[in-house]
Amino acid sequence: MDYRSLKILEFHSLLDILKDFSISPLGKKRCLALRPTPDRFLIESRLTEVIELKEILETVGDVPLRGLKDIEDLLKRLEVEGSVLQVQEILDIHQLMVLGKGLRRFFLKSEVKASFLQEKVSKLSSLKALEKEILHAIHTKGEILDRASPGLSDIRHRLGAVREKAKGVLERLLHREDLQPIFQEDFITLRNGRYVLLIKSDFKHRLEGIIHDQSHSRMSLFFEPLQVVPFNNEINILTSEEKEEEYRILADLSERMRGEVQSLRSDFEIFGELDLLYAMARLTLLLKGIRPELNGDGKTMMREARSPLLSLQKGAQVIPIDLRMGESIRTLIISGANAGGKTVALKTLGLLTLMVQSGLPIPVAEGSEVAIFDEVFAVIGDEQSMEENLSTFSAHLLHVNEILKKAGPCSLVLIDELGVGTNSSEGSALAMGFLDLFREKGSLVVVTTHFDGLKAYGYLHPDVENVSVK
């Protein structure tokens, strides 16, 4: 679809609203990346899924998607041979597996009637063995458990015993009566990974040992008595061994996950799609959107159509409009008083068409029908090219001419005030010339105008119809 026209029709503004209905950063990215497609099969499929999910939200309740994270970068790293994920990163991927299990259970409920969504959810992988391995090694709070390996359990057991010995030596020093005057505090602390005592600076020569640091006031020293040095050395060695064993465990888990990375990536894509559909369903509920009938013949019949952006504005009064074209009528000329709603009608038609082709139900009455187009073009509002130093009128004509080159029989062309920027007779003549060319190409065209000459044009051709807003 034409990017400039998407912007003019405020499609991106709608996506900004849509993303706020998603649950995860992943879903927000999918919402902002949503684009219209001319593929009728894809449109039908997505509309079906959105309506199914909307009905689930109405009848069953919320879908268990909470806690979904964007793990795209983690999966990319996992695909690199030899890469090792950290504890929390492994838990983030594990969360995807947990959500998948919960979703499969949810969609197996008898009250959930959603055959299309059930088929999508059924494709989620069942990685029970991997999920069990992760939970065997890692606590959900983010700690590697002793049971992760016999080696880790042994190291931690020895480490605990040596720490107790080190603290025992220091406790005995703290309780010696002859040493009471030298201690600033009667507790054991850590400095540089070693157990030390806090002594007064004036008594640094009373004991043999190592000074590691001093307090900000310089009145106290962090002191490692000589008696505890062997234990602290052993603690450092065992701590290093512990880190090596933890790294080995994470490396083994990462390698195990790497073997399932394609399944994890497939699940990730499904979750992204589900979060997008969830946002679309919630927006549909708010807009009271419906699924219109679709056709590829250019026939559009929108009944009681409402602008979605105006409908979402708090306190806005939205007047529904009826729009009909296609079959024998290929061009609509909309007239009416200034500020009477001509541009709103044009934008409503354009934006609702883009919504449908993105798989979004639209705020119209039942019985509405929407055509599927290869392209939707729009020229709305005063546009001036500063780079090319063009006047508003010249920029307007240049844009219309660019669309004329691209438009075809499966294009919808929306032009606000065609020929505006010059006098009535010249503007009317120019507008009629453009309409002749668009009609020759077979495009469906909707224009707004205040030119009487262009209104008269509508009465001269059977495939052109004049309509008005009040």
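In the predicted model, strand β11 (residues 411–415) is paired with strand β12 (residues 444–448) in the parallel sense, the two being joined over four bridges, and within this pairing L414 stands opposite V446 of β12. Both strands belong to an open sheet of five strands, in which the order is β10-β11-β12-β8-β13 and the pairing is parallel. The edges of this sheet are occupied by β10 (375–379) and β13 (464–469), each of which has a single partner strand, so that one side of each is left without a neighbour in the sheet. On average, neighbouring strands of the sheet are turned by 15 degrees against each other when direction is ignored. Helix α16 (residues 452–460) lies across β8 (331–336), β12 and β13, and runs at about 135 degrees to β13.

Antiparallel pairing is found around strand β4 (residues 220–225), which pairs in this sense with β2 (residues 194–200) over four bridges and with β3 (residues 209–214) over five bridges. Residue F222 of β4 takes part in both pairings, being the bridge partner of L198 and also that of D213. The connection between β3 and β4 is a hairpin with five residues between the strands, and R218, located in the turn, has a positive phi of about 65 degrees.

Strand β4 is mostly covered, with six of its six residues buried. The side to which S220, F222 and E224 point is opposite to that of L221, F223 and P225, and burial applies to the residues of both sets.

Definitions and conventions: Residues are numbered from 1 along each chain as its sequence is written. This is a predicted model: local features need pLDDT of at least 70, side-chain atom pairs count only at pLDDT 80 or more; totals for chains, interfaces and linings use all residues. Side-chain values use heavy atoms; hydrogens and water are left out. Buried means under 20% relative accessible area, exposed over 50%, partly exposed in between (1.4 Å probe, protein chains only). Two strands pair if DSSP finds at least two bridges between them. Axes are lines fitted to C-alpha atoms, for helices over the stretch in contact, and angles run from 0 to 180 degrees between N-to-C directions. Contact means heavy atoms within 4.5 Å.
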